[in-house]
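Reader: I would like to learn how to read the features of a protein model. Could we go through one together?

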Amino acid sequence: MELLSNQPMYQTVPEKYIFPPEKRVVNDIILHSVNFPVIDLRGGRVDAEGWCEIIGEIMKAGKEFGFFQVINHGIPEKTISDMLQVCDEFFKMPAEEKAQYYSDDLSKPFLLNSSTTYDKGETRYWRDYLRLVCYPIEEVIDAWPEKPENFRAVLSEYTLQVRELSSKLLKLIAQGLGLDKDYFGGDFSTGKTQMNINHYPPCPDPSLTMGLMPHCDRHLITLLAQGTVSGLQARYMEGWINVEPIPNAFVINFGHQLEIITNGLLKSVEHRAVTNSAIARTSIATLIIPKTDCLIAPAKELLNENNPPKYKEFIFSEFIKAYSAASASREDVLEFFKLS
Ligand SMILES: O=C(O)CCC(=O)C(=O)O
Ligand SMILES: [Fe+2]
């Protein structure tokens, strides 16, 4: 079992985590002066005009960045801080306690591993992670750990709250697109909800390593809590933007399926995680996923003579296969589904 979090502090970076010079993150341009969108959802207490404004902000951010943060979203601070805390506590547990969850079997509803599922390269990523199904809760709760104490209760509460926020956001996005507000409410978003709980221990030399490779998310939409430690970067033009943590905010980004359904109007943007030497970082990505047999295609309502379909129709499970085959590379996976 090869977990970074089982070691005491590393003094040097082991060879297998060192990227070749041409692939190191330090070569890239970081765009410090770009204003990353932050959208105030005003706790849901807005009038019709207020909603119009919020929808406008989401569409603008979605078209330009494929990413935005939401604040004042209605999820209690305690729900988020409890969740971040039990996740941290999980990774701090003794190796023997964690060993029972370690697995390469992706069909398991709860597994612990390190680096990445899509790792086809030589170099390992500086990341341990939990990959789990979090909804429907009653179908999966028995697979969740009983330790740390409260893990199950805290994860249940967090799941319900984040799913509710995702439904609200999907309604706003549908309205912004001029679609029925429940457009995404059916098979597009009712596959089993998953979470990646990512844990990046302090790294003695962040210039040599990477936390998580550049990728676009494979599903519909992601809601990410990243605590107070920075590390997430989103692709923007020729460089990358640091998505600076805002306490209790969620970072929202669109997955491939939202880009395809909107025929490219809303962007699914590459992102990655970098490491730091000072402090462990834990991020929790909740993944809203279509049903396995869901038919995906550009929405007919959005197509016309000037906007012909850019992607073919497919079943979501075909996409998942192609995504793995392409090792999560944005361009390679889209090649399978683009209409020429
Ligand atoms: O750790 C992060 O901020 C990024 C995580 C991520 O992109 C993912 O889990 O898909
Ligand atoms: Fe991601």
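Author: What follows covers the sheet, its helices, the metal site and the cysteines. The model is predicted.

Reader: In what order do the strands of the open sheet lie?

Author: A sheet is read across its strands, by pairing and not by sequence. Here eight strands form an open sheet with mixed pairing, in the order β1-β2-β10-β7-β12-β5-β4-β3. At the edges are β1 (38-40) and β3 (110-114), each of which pairs on one side only. From one strand to the next, the twist averages 25°.

Reader: How many bridges join β5 to β12, and how do these strands run?

Author: For a pair of strands, look at the bridges and at the direction. Strand β5 (residues 193-200) and strand β12 (residues 281-288) run antiparallel and are joined by seven bridges. As an example, Asn-198 has Ser-283 in β12 as its bridge partner.

Reader: Which strands does helix α1 lie across?

Author: A helix on a sheet is described by the strands it meets and by an angle. Helix α1 (residues 48-64) lies across β1, β2 (67-71) and β10 (250-254), and runs at about 165° to β1. Helix α5 (residues 151-176) also packs on the sheet. The strands α5 touches are β2, β3, β4 (128-135), β5, β7 (221-225), β10 and β12, and its direction makes about 130° with that of β7.

Reader: Which residues are the protein donors of the iron ion (ligand 2)?

Author: For a metal site, list the donor atoms, then their distances and spacing. The iron ion has His-215 (NE2), Asp-217 (OD) and His-271 (NE2) as protein donors, at 2.1 to 2.2 Å. Their spacing in sequence is H-x1-D-x53-H.

Reader: Are His-215 and Asp-217 buried or exposed?

Author: The cut-off for buried is under 20% relative accessible area. His-215 has 9% relative accessibility, so it counts as buried. Asp-217, with 8%, is buried as well.

Reader: What does the UniProt annotation say about residues 191-290?

Author: An annotation comes from a record, so its source should be stated with it. The unreviewed UniProt entry annotates residues 191-290 as "domain: Fe2OG dioxygenase". Over that range the model is 6% helix and 42% strand, with the end C-alpha atoms 5 Å apart.

Reader: Why is Cys-216 not in a bond with Cys-294?

Author: A disulfide needs two cysteine sulfur atoms within 2.5 Å. The closest cysteine sulfur to that of Cys-216 is in Cys-294, 19 Å away, and therefore too far for a bond. For Cys-294, the nearest cysteine sulfur is that of Cys-134, 18 Å away, and Cys-294 is in no disulfide. The count of disulfides is zero. Cys-216 is buried, at 0% relative accessibility, and Cys-294 is buried at 3%.

Conventions
Residues numbered from 1 in each chain as written. Chains lettered and ligands numbered in written order. Predicted model: local features only at pLDDT ≥ 70, side-chain atom pairs only at ≥ 80, totals over all residues. Heavy atoms only, no water. Pairing = 2+ DSSP bridges. Helix = DSSP H or I, 4+ residues; strand = E, 2+ residues; numbered from the N terminus. Axes fitted to C-alpha atoms, helices over the stretch in contact; angles between N-to-C directions. Contact = heavy atoms within 4.5 Å. Donors = N, O, S within 2.8 Å, 3.2 Å for Na, K, Ca; no water. Buried < 20%, exposed > 50% of the residue type's maximum accessible area, 1.4 Å probe, protein only.
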